[in-house]
Amino acid sequence: MSDIPAPGSAGGNLEAKVEVTKTSHVANVQTKVRAITRILGFPELYIFKAAISASELASNLVYHTSAGGTISIRGIRKNGCIGIEIISIDSGPGIKDVNMALQDGYSTGPGLGSGLPAVERLMDELDILVTDDFKTCIRSRLWYFCE
Amino acid sequence: MEIPILKLKNILLTSIQSDMNDDDALKYQSDVMSTLEKSGAKGLVIDITAMDIIDSFMARVINETARMARLMGARVVLCGMQPMVALTLVEMGRELIGVDTALNLDKGFDKLVKMFNEGVD
């Protein structure tokens with residue numbers, strides 16, 4: 001497992017950044033996540049969990065932001081676990097009520113209101129940060145015990 | 001992206017894939033509805049064998065299409081769900097798919113025919 005970088009270090013093809021402004025970009029995000037989790041040796045179910053989560057975050061960028069955003073994906077490692085980190089960053093208009101956004105069935109857009117709740121359940125960690133200037137940063141991580 | 005809509009007896013068969021965007025979904029739905037109208041088909045089978053990922057967007061497309069078809073008087077069955085899709089759908093949350101399902105195309109057709117015969121919705 002020495003080829004997997006520690007969090008923060010550059011990781012070659014274990015890192016990807018995808019601009020998301022329209023629905024067709026969502027598939028790119030999925031492809032990147034699947035490629036990286038496959039290199040990391042994730043089991044199939046974990047690959048799909050990560051890919052769906054990334055796809056929900058990317059869809060949110062399309063439907064809920066004014067100018068789209070970026071999804072960054074990278075392989076990470078901590079205490080004998082490998083993981084994937086998916087970070088979504090956009091520049092507004094931000095999430096008004098984070099607790100509401102995590103409720104099933106709540107949506108301010110055309111969706112089912114299942115995106116963020118699904119990500120919360122599929123991934124091990126989910127952190128949502130809305131800054132004072134209405135930018136949103138969402139970080140989610142999925143861990144796989146490899147040792 | 002053109003999604004073929006096949007007619008077999010009085011049942012329409014469509015097979016959808018993951019790489020669908022908003023416009024594709026809209027076109028697919030209007031194609032299915034106009035084919036339903038023209039052909040007078042009584043049933044619709046939505047086959048998802050080729051989908052290995054269903055996110056909430058695709059779940060919405062499937063549910064919407066089924067609801068539209070029901071409004072047009074057709075019965076709808078979803079078939080060919082991959083094991084991984086079922087696993088992740090359940091983990092994702094509450095009832096994301098509100099459509100009758102069948103294991104495969106074969107059983108999907110049987111189910112529709114049975115619905116026609118029994119006259120249940």
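Which residue of β5(B) is the bridge partner of L78(B)? In this predicted model, that partner is T101(B). From this pair we can work outwards through chain B, then cross to chain A and finish where the two chains meet.

## The sheet of chain B

The pair L78(B) and T101(B) belongs to a parallel pairing: β4(B), residues 75-79, is joined to β5(B) by two bridges. These strands are part of an open, five-stranded sheet in chain B with the order β1-β2-β3-β4-β5 and mixed pairing. At its edges stand β1(B), residues 5-8, and β5(B), residues 101-102, each of which pairs on one side only.

Two helices of chain B can be placed against these strands. α2(B) lies across β3(B), residues 43-47, and β4(B), and runs at about 155° to β4(B). Helix α4(B), residues 105-118, packs on the sheet as well, where it touches β2(B), β3(B), β4(B) and β5(B). The direction of α4(B) makes about 160° with that of β4(B).

An unreviewed UniProt entry annotates residues 1-93 of chain B as "domain: STAS". That span is 47% helix and 20% strand, and the C-alpha atoms at its ends are 30 Å apart.

## The sheet of chain A

Chain A also has an open sheet of five strands, here in the order β1-β2-β3-β5-β4 and with antiparallel pairing. Its edges are β1(A), residues 15-20, and β4(A), residues 125-130; each has a single partner strand, so one side of each is left without a neighbour in the sheet. From one strand to the next, the twist averages 15°.

Have a look at β3(A), residues 81-90, and β5(A), residues 136-145: ten bridges pair these strands in the antiparallel sense. One of the partnerships involves I84(A), whose bridge partner in β5(A) is L142(A). α1(A) packs on the sheet through β1(A), β2(A) and β3(A), with its direction at about 170° to that of β1(A). α2(A) packs there too, touching β1(A), β2(A), β3(A) and β5(A), and its direction makes about 10° with that of β3(A).

For chain A, the annotation in an unreviewed UniProt entry is "domain: Histidine kinase/HSP90-like ATPase", covering residues 23-139. The end C-alpha atoms of this span lie 21 Å apart, and the span is 43% helix and 26% strand.

## A helix pair within chain A

The two helices on the sheet of chain A also pack against each other. How are α1(A) and α2(A) oriented relative to each other? The angle between α1(A), residues 24-40, and α2(A) is about 150°, with the axes 8 Å apart; the two helices are therefore roughly antiparallel. Their crossing is right-handed.

The α1(A) side of this contact includes V26(A), V29(A) and V33(A), while the α2(A) side includes A50(A), A51(A), A54(A) and A58(A). By residue type, the contact divides into ten nonpolar, five polar and two charged.

## Where the chains meet

Between the chains, 17 residues of chain B are in contact with 22 residues of chain A. On the chain B side, α2(B), residues 56-71, and α3(B), residues 83-92, each supply at least two residues. α3(B) gives the most, with five residues. That side of chain B divides into seven nonpolar, four polar and six charged residues.

Two helices of chain A pack against α3(B). One of them is α2(A), residues 44-64, which meets α3(B) at an angle of about 55° with the axes 10 Å apart; that makes the pair oblique. The crossing of α2(A) and α3(B) is right-handed. E44(A), L45(A), F48(A), K49(A) and I52(A) make this contact from α2(A), and M84(B), L87(B), T88(B) and M92(B) from α3(B). These residues divide into six nonpolar, one polar and two charged.

The other is α4(A), residues 115-122, whose axis comes within 8 Å of that of α3(B) and crosses at roughly 110°. This makes α4(A) roughly perpendicular to α3(B). Here A118(A), R121(A) and L122(A) meet T88(B), E91(B) and M92(B), a contact that divides into three nonpolar, one polar and two charged residues. Note that T88(B) and M92(B) are also among the residues that meet α2(A).

How values were computed
Residues numbered from 1 in each chain as written. Chains lettered and ligands numbered in written order. Predicted model: local features only at pLDDT ≥ 70, side-chain atom pairs only at ≥ 80, totals over all residues. Contact = placed C-beta atoms within 7 Å. Helix = DSSP H or I, 4+ residues; strand = E, 2+ residues; numbered from the N terminus. Nonpolar A, V, L, I, M, F, W, Y, C, P; charged D, E, K, R; others polar. Axes fitted to C-alpha atoms, helices over the stretch in contact; angles between N-to-C directions. Parallel < 35°, antiparallel > 145°, perpendicular 65-115°, else oblique. Left-handed = near helix turned anticlockwise from the far one by under 90°. Pairing = 2+ DSSP bridges. UniProt positions renumbered as here; feature names shortened; annotations may be inferred.
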